[in-house]
Amino acid sequence: MTAPAADGAAPRRRGRPSRTQSAKGPATRDRILEAARTEFSARGYEKTSVRGIAKAAGVDPALVHHYFGTKEQVFASAIEEAFAPALEAPAAIEEGPLDGVGERLTRFIFGVWENPATRVPLLAIVRSAVNNDTAAAVFRRLIATQLLGRMASRIGGPDAELRAELAAAQLVGTAMLRYVIQVEPLASADPEAIIARIAPVVQGHLTGP
């Protein structure tokens, strides 16, 4: 039995916090986002629900809708945060002359994939995008607007978008085989050996004739 409060106020009930209590605090949105990344990673896009995300975050489902909207919008926010390190790839182009951009970009992308802290959420994103059309569309918009567009703008030329996409396809395809499908001997090869072979191809796509 709950003892009455000393000041005469109504006793505080134990258990799940109310919707109002759950909404308090600046960390609520981040907690929901972290729960969403975990749920999408463990269950995939189709089997993840707003209710499941809310339960994992310890909040009311209405709060998920309040902060993010639909499940598709939650997914978009979750993958944008998880994919943020890779979205810095255009900086590798901007940091030096174009004649060395292939190696800089390749080395940057493989650095992201080789780091377990960034590889795990990336794997979840790619697997969801491969298995679900809605997730694929969200991922495609993110790549097109925040990655390929910036790369194309930097290299310039009438076919810059196509060249940026071909370079990205080379890098993404290699990453898929190495980290997602884990095809041998590529999956176990020395990253430096892969970079040495891939970088000239990426360079050719970006700046070649």
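User: What makes residues 24 or more positions apart stand out among the contacts in the chain?

Analyst: Their share does. In this predicted model, residues 24 or more positions apart account for 65% of the contacts in the chain with a separation of 6 or more. A contact means heavy atoms within 4.5 Å, so these are pairs that come together in space although they sit at least 24 places apart in sequence.

User: Which residues is V64 in contact with, leaving aside its neighbours within four places in sequence?

Analyst: V64 is in contact with I32, V50, I53, A54, V59, G69 and V74.

User: Why is the chain described with helices and zero strands?

Analyst: A helix here is a DSSP run of at least four residues, and a strand is a run of at least two. The chain has 11 helices and zero strands, so its pattern is written with α alone: α-α-α-α-α-α-α-α-α-α-α.

User: What makes the largest nonpolar core a core, and which of its residues touch the most other members?

Analyst: Its members are buried nonpolar residues joined through side-chain atoms within 4.5 Å, and buried means under 20% relative accessible area. The largest nonpolar core holds 53 residues, and I32, F40, I53, V64, F83, W113 and L206 touch the most other members. Helix α9 (residues 133-155) gives the most to this core, with 10 residues.

User: How much of the chain counts as buried?

Analyst: Of its 209 residues, 39% do. On the outside, the chain exposes about 11,900 Å², with carbon and sulfur atoms supplying 55% of that area.

User: How do you know where empty space is left?

Analyst: Rolling a probe the size of a water molecule over the atoms shows it. The largest pocket found here has about 470 Å³ of space. Of its 23 lining residues, F83, F139, I143, A168 and V172 are the closest to its centre. Among the helices, α10 gives the most to the lining, with seven residues.

User: Why is the lining of the largest pocket described by class as it is?

Analyst: Residues such as Val, Phe and Pro count as nonpolar, while Asp, Glu, Lys and Arg count as charged. By that rule the lining has 22 nonpolar, no polar and one charged residues, so nonpolar is the main class there.

User: What lines the second largest pocket?

Analyst: The second largest pocket has a volume of about 180 Å³. It is lined by 14 residues, and R37, T38, S41, P121 and A124 are the closest to its centre. Helix α2 supplies the largest share of this lining, six residues. By class, the lining divides into 10 nonpolar, two polar and two charged residues.

Conventions. Residues are numbered from 1 along each chain as its sequence is written. This is a predicted model: local features need pLDDT of at least 70, side-chain atom pairs count only at pLDDT 80 or more; totals for chains, interfaces and linings use all residues. Side-chain values use heavy atoms; hydrogens and water are left out. Buried means under 20% relative accessible area, exposed over 50%, partly exposed in between (1.4 Å probe, protein chains only). On a 1 Å grid over the protein atoms alone, a cavity is a set of points where a 1.4 Å probe fits but cannot get out, and a pocket is an open set with protein on both sides within 12 Å along at least five of seven lines; lining residues have an atom within 4 Å of a point. Grid points are joined across faces, edges and corners, and a volume is the space filled by probe spheres set on the points. Accessible areas come from the Shrake-Rupley method with a 1.4 Å probe; for residues, only the protein chains shown count as cover.
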